[in-house]
Each structure stands twice: as C-alpha cells, then as structure tokens.
Amino acid sequence: VQLQASGGGLVQAGDSLKLSCASSGRTLSYFSFTSFTIGWFRQAPGKEREFVSANVDRTVYADSVKGRFTMSRDNAKNTVYLQMNTLKPEDTAVYYCAAYYTNPGRNPQIGSEYVYWGRGTLVTVSS
C-alpha cells in the first residue's frame with residue numbers, strides 16, 4: 001500500500017487546513033481499503049513523532065487536537081482526510097498518514113504498529 005499525504009501549507013493561527021491521504025497499490029486489489037486502520041501522526045522539529053488521530057471502527061484523537069481536528073475517510077476514493085480547525089503554532093509539524101491491516105490486537109495510537117507510511121506534508125502555523 002502506498003500512501004501520499006498532501007494539503008499542508010503555511011497558515012496563520014486560527015486558520016484551517018484540510019489534509020488528504022490517498023492510498024494506492026496492488027495490495028488494495030486484494031484487500032478492501034475498509035480493512036485498513038489509518039492513522040495520522042505528526043513530528044515537529046526537534047521532537048518525537050506523536051499520534052494525532054486514527055480510524056478503526058471509530059475515530060480516536062490525541063487530547064491536543066480533540067475538538068479541533070476531524071478525521072474522515074472516503075472508502076470509495078481510498079482516501080482519508082484530516083480537517084484541522086483553529087490551528088495553533090504548536091500544531092506546526094510534518095504530518096504523516098499510515099496504515100495497517102486492521103487487527104484488534106494492535107493499538108492504533110502507537111506508530112510502530114503501522115506497516116505502511118506515506119511521505120509527510122508540512123504544516124506551518126504562524127502566530
């Protein structure tokens with residue numbers, strides 16, 4: 001599965017951005033996109049990668065983005081989205097989408113659980 005995140009950019013605090021993560025690849029010929037858990041992670045300069053949100057049978061969010069970010073998926077387009085509202089300077093980071101074949105034994109908030117990773121997209125929020 002290949003993943004490609006897009007939609008990043010430079011915005012001011014309080015603005016909104018919508019990221020997209022499109023998936024493709026031969027694996028999707030055999031397994032439905034709905035069979036995959038998709039997650040969003042981010043990594044700010046000088047910091048470790050952190051969990052943002054993930055969609056399994058429900059969507060979970062990090063406390064830092066809860067109420068501001070909304071994750072959705074369009075299974076017909078093999079695409080997930082991250083709507084980010086009321087952006088703050090501390091949201092500045094490279095955002096990555098990732099996926100793994102859904103397994104109840106895995107924790108979607110842990111990055112090492114994910115098998116497929118896309119190139120990130122940079123979000124910069126100025127104050």
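This is a guided tour of one predicted protein model, stop by stop.

**Before you start**

Residues are numbered from 1 along each chain as its sequence is written, and side-chain values use heavy atoms, with hydrogens and water left out. Because the model is predicted, local features need pLDDT of at least 70 and side-chain atom pairs count only at pLDDT 80 or more, while totals for chains, interfaces and linings use all residues.

**Stop 1: the whole chain**

Select the protein chain and show the cartoon. It has one helix and 11 strands. Helices (H or I, at least four residues) and strands (E, at least two) are DSSP runs, numbered from the N terminus. Along the sequence, the pattern reads β-β-β-α-β-β-β-β-β-β-β-β.

Now switch to the C-alpha trace. Along its principal axes the trace spans about 45 × 25 × 25 Å. The radius of gyration is 14 Å, which agrees with the value near 14 Å for a compact globule of 127 residues. That radius is taken over C-alpha atoms, and the globule rule is 2.2 Å times the number of residues to the power 0.38.

Colour by accessibility next. Buried residues make up 39% of the 127 residues. Buried means under 20% relative accessible area, exposed over 50%, and partly exposed in between (1.4 Å probe, protein chains only). As for contacts (heavy atoms within 4.5 Å), residues 24 or more positions apart account for 59% of those with a separation of 6 or more.

**Stop 2: the disulfide**

Select Cys-21 and Cys-97. A disulfide joins them, with S to S at 2.1 Å. A disulfide here is a pair of cysteine sulfur atoms within 2.5 Å, and the count by this rule is one. The pair links distant parts of the chain: Cys-21 is in strand β3 (residues 17-24) and Cys-97 is in strand β9, 76 residues apart. Check the S-S torsion of Cys-21 and Cys-97: it is about 75 degrees, so the disulfide is right-handed. Both Cys-21 and Cys-97 are buried.

**Stop 3: Arg-42**

Go to strand β4 (residues 36-43) and pick Arg-42. Is Arg-42 buried or exposed? Arg-42 is buried, with a relative accessible area of 5%.

Turn on polar contacts. These are pairs of N or O atoms within 3.5 Å; within protein, one must be able to donate a hydrogen and the other to accept it, and residues adjacent in sequence count only if both atoms are side-chain atoms. The Arg-42 side chain makes one such contact with the side chain of Asp-91 (2.9 Å). It also makes a polar contact with the side chain of Tyr-95 (2.9 Å).

Widen the selection around Arg-42. Leaving aside neighbours within four places in sequence, its contacts include Glu-48, Glu-50, Ser-64, Phe-69 and Val-94.

**Stop 4: the aromatic rings**

Select the rings of Phe, Tyr and Trp (its six-membered ring). They pair if their centres lie within 6.5 Å; planes under 30 degrees apart count as stacked, over 60 as edge-to-face and the rest as tilted. The count by this rule is eight aromatic pairs.

Zoom in on Tyr-100 and Tyr-114. This pair is edge-to-face, at 4.8 Å centre to centre and 70 degrees between the planes. The pair links distant parts of the chain: Tyr-100 is in strand β9 and Tyr-114 is in the loop between β9 and β10, 14 residues apart. Tyr-100 is buried at 1% relative accessible area, and Tyr-114 is buried at 6%.

Add Phe-41, Phe-51, Tyr-96 and Trp-117 to the selection. Ring pairs link these with Tyr-100 and Tyr-114 into a cluster.

**Stop 5: charges over rings**

Stay on Phe-41 and show Arg-49. The charged end of Arg-49 sits over the ring of Phe-41, 5.8 Å from its centre. The rule asks for NZ of Lys or CZ of Arg within 6 Å of the ring centre and within 35 degrees of the ring normal. Then jump to Arg-73, whose charged end sits over the ring of Phe-33, 4.7 Å from its centre.

**Stop 6: Gln-109**

Find Gln-109 in the loop between β9 (93-101) and β10 (116-117). Gln-109 is partly exposed, with a relative accessible area of 42%. Not counting residues up to four places away in sequence, Gln-109 touches Phe-41, Phe-51 and Val-60. Label Trp-40 too: the C-alpha atoms of Gln-109 and Trp-40 are separated by 9.1 Å, with their positions 69 residues apart along the chain.

**Stop 7: two positive phi values**

Most residues other than glycine have a negative phi. Select Asn-78, in the loop between β7 (69-74) and β8 (79-84). Asn-78 is not a glycine, yet its phi is positive, about 55 degrees. Asn-78 is partly exposed, at 22% relative accessible area.

End at Thr-86, in the loop between β8 and β9. Its phi is near 45 degrees, again a positive value in a residue other than glycine. Thr-86 is partly exposed, at 45% relative accessible area.
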